[in-house]
Structures are given as C-alpha cells and as structure tokens.
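The following exercises concern the pairing of strands in a protein model. Please examine the sequence and the structure before reading each solution.

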Amino acid sequence: MYCHSEFGGSDMIFKRQEGFRFSFGEPLEAKFVILIDGKPFDLERTSNTCKILDISPRGMKISSEVDLNEHINKMLQLEICFTLDVTEIKCVGEIVWSKPFGSCTHYGVVIYNQAAVEDLIINELKLRRRKEVLRSKSE
C-alpha cells in the first residue's frame, strides 16, 4: 500500500513492509507528545491522548481528536507512550499519512531505527496474545 505523506515536507512515499500487524478488538489507549524538529512543541510536554488501532514492530495506526495537520510543513514526530501487556513502551515515530475519520483523524506512524523498542513490542504482543488465548480457553 502506497501512501503519500502530507507531513515532513519531503513528499515521502511510504510502503508498509511488515511481517505482521496486530489489530486490537478494543483500541489501546495511549498518550503522545508532539515533537517538531526533534523538540517538544509544547514546552510543558503536555500529553495528548490517542487510541492505537493496530501495531507492528515498526509502526502503528492511531486515532486522535488532535488535529496535527496544522504542522504540515514541519518535521513532525510523536513521542508515544503505551502499554501492550505489562511494560510501558515509549517510542518516537514519524507521521507518514493522515486521513479524517468522523470526529477524529487516523495517522500512520513509522518507528525508525529503534531496535530495542521493536523487540519490546514483539515480546509484549506475544505475552498479551498468550494471555488472550488462555482467557478464551477458560471461558
């Protein structure tokens, strides 16, 4: 799937090359801080809320009521904080696409060159999935 980026000013073309993508039945709550040119946009580092709709080791699709399109000509990144199973994960991702969806906007976020975060996402997803399977067998 090719998506034309409206962010970062580089007219980047993004092609998802993932081995797997985990979709949540119930979107996962998360918080984020807006980074522009690598620095917090809000000096108080105010957290915004979003929901993670799906995730892979190198990216995610989020939904937020925060309109990030006003930063269209800047290098826009998000510092996202979330918990998949038990460990809090903090990563920095670049927005590569956006699409209005009702009162929210869906954003595609790519996580670049963060091997420790990729490993943590994989391990946490395995633990989460294992618990889901055990829970469904006991019902």
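Two strands count as paired if DSSP finds at least two bridges between them. The model used here is predicted.

**Exercise 1.** Determine which residues form the hairpin of β3 and β4, and how the strands pair.

*Solution.* Begin with the pairing: β3 and strand β4 (residues 39-40) are antiparallel and share 2 bridges. The definition of a pair requires at least two bridges, so β3 and β4 qualify. Next, locate a bridge: I36 has K39 in β4 as its partner. Finally, inspect the turn: 2 residues lie between the strands, and D37 takes a positive phi near 55 degrees.

**Exercise 2.** Identify the strands that β5 pairs with, and state how many bridges join β5 to each.

*Solution.* Take β3 (residues 22-36) to start: 7 bridges join β3 to β5, and the two run antiparallel. Within this pairing, L28 stands opposite I52, and E29 stands opposite K51. Turn then to strand β6 (residues 59-64), which is antiparallel to β5 and joined to it by 5 bridges. Here K51 stands opposite S63. The connection from β5 to β6 is a hairpin through 2 residues.

**Exercise 3.** Is strand β5 mostly covered or mostly uncovered?

*Solution.* Strand β5 spans residues 48-56. A residue is buried when its relative accessible area is under 20%. Of the 9 residues in β5, 7 are buried, and the strand is thus mostly covered.

**Exercise 4.** Describe how β3 pairs with β7.

*Solution.* Strand β7 covers residues 76-83 and pairs with β3 in the antiparallel sense over 6 bridges. One of the bridge partnerships links I34 with L78 in β7.

How values were computed: Residues numbered from 1 in each chain as written. Predicted model: local features only at pLDDT ≥ 70, side-chain atom pairs only at ≥ 80, totals over all residues. Heavy atoms only, no water. Buried < 20%, exposed > 50% of the residue type's maximum accessible area, 1.4 Å probe, protein only. Helix = DSSP H or I, 4+ residues; strand = E, 2+ residues; numbered from the N terminus.
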